[in-house]
Amino acid sequence: MPTAFITGITGQDGRHLAEFLHGKGYKVYGMMKGQHNPRAEMIREEFPFIEIVPGDLTDLSSLVAALEQTQPDEVYNLGAISFVAMSFNQAELTANVTGLGVLRMLEAVRMVGGATNNPIRFYQASSSEMFGKVREVPQTEMTPFHPRSPYGVAKVFGHHLTVNYRESYGLFACSGILFNHEGPRRGLEFVTRKITNTAARIKLGIEKELVLGNIDAKRDWGFAGDYVKAMWLMLQQREPDDYVIATGETHSVEEFLTLTFDKVGLGDWRAHVRQDPKFFRPAEVDLLIGDPSKAKNQLGWVPEVSFEQLVGMMVEHDLRYESDRLKR
Ligand code: G4F
């Protein structure tokens, strides 16, 4: 039975990936930090097949112990401070977890190694935030980086280090440059889920308005369930490499709003939305659009859920979720 070790198991991608790998017959280990982590119960209930292993991206010895204990075939490093807005206020923590955490994970992989005929394969969750103030449109694996947040800077560090460990030590290490990917499991702090969830609450009379920042920003939004498949595909290739994972389409936050309010049946979003400077960022990423040609040609990966289907799926989920909560 192949084994996978996932950091960031409680996040959107960790949960999708665990489900996907379990479906493929993997034994799945999920790393979780802290003492009596309240999310452990949620994971045990939702995914009883995941074996939780203690460990922290800020503590190398815990990562070495976790890999020694689990002896995985594949390591997926999804753990990070992943909220860009928060990274401006907690820049040092972001550098430590999102940046140095990759260094520690790579060191642990190098030290534990795995069987000589079957060395550990490593996936690093890199991000389109690395492109930041974009140098070309669309962005490819060759586009230079210009990060616009402490989060983006930390991800650039992690990406380069992944490439460096591959080149220096021959590690099977891949960096997936994933553009925004969403779904019903997205945290409520991210703009897409904030919009679909608040719109559902307004529709049900629980909330009065939706307060947002910059609605002109454009993103290449795909479905997280499609994207975790690409992570796995990268680790099944003969040679390790880096890939852009994206839909090749871009939409503004305003377009996301229009479609959501339309689907919820609230009409014009302008009647329900207020903008507040506190949700604007010190530096913004105005436009992201990825070119997934390499992933398509080499991995055979294509996104299956369209932008409209994604919004529909999230709206439907949040209407049901919020009305169920009302009944309790
Ligand atoms: O949903 P967001 O917070 O995602 P962002 O910053 O693009 O980052 C996400 O995608 C990255 C991939 O490129 C990941 F690496 C990262 O971990 C994360 O998953 O914001 C999207 C856009 C931004 O331009 C933001 O300024 O929405 C704008 N926005 C406008 N009002 C808002 C809000 N974002 C949030 N979170 N909340 C608002 O009220």
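This passage describes the ligand site and a surface patch in a predicted model.

The ligand lies between two domains, because both give residues to the shell around it. Domain 1 spans 3-182 + 222-245. Domain 2 is made of three segments, 191-219 + 250-288 + 305-327. The shell holds 25 residues. Ser82, Ser127, Ser128, Tyr151 and Arg281 come nearest to the ligand. By residue class, the shell divides into 12 nonpolar, 6 polar and 7 charged. Two secondary-structure elements, helix α7 (191-203) and strand β10 (210-212), each supply at least two of the shell residues.

Three side chains place polar atoms beside oxygen atoms of the ligand. For arginine 186, a polar side-chain atom lies 2.8 Å from a ligand oxygen. For lysine 194, the distance from an N or O atom of the side chain to a ligand oxygen is 2.7 Å. For glutamate 284, a polar side-chain atom is found 2.6 Å from an oxygen atom of the ligand. The ligand on its own has 720 Å² of accessible area, and the protein covers 96% of that area.

A nonpolar patch is present on the protein surface. Leu204, Ile206 and Leu326 form this patch. Together, these residues have about 220 Å² of accessible area. Leucine 326 belongs to helix α11, which runs over residues 307-327.

Notes. Residues numbered from 1 in each chain as written. Predicted model: local features only at pLDDT ≥ 70, side-chain atom pairs only at ≥ 80, totals over all residues. Heavy atoms only, no water. Near = heavy atom within 4 Å. Polar contact = N/O pair within 3.5 Å; in protein donor to acceptor, adjacent residues only side chain to side chain. Areas by Shrake-Rupley, 256 points an atom, 1.4 Å probe, with all protein chains shown as cover. Helix = DSSP H or I, 4+ residues; strand = E, 2+ residues; numbered from the N terminus. Nonpolar A, V, L, I, M, F, W, Y, C, P; charged D, E, K, R; others polar. Domains from an automatic or database assignment. Patch = residues over 30% accessible without salt bridge, like charges linked within 9 Å, V, L, I, M, F, W, Y side chains within 5 Å. Salt bridge = Lys/Arg side-chain N within 4 Å of Asp/Glu carboxyl O.
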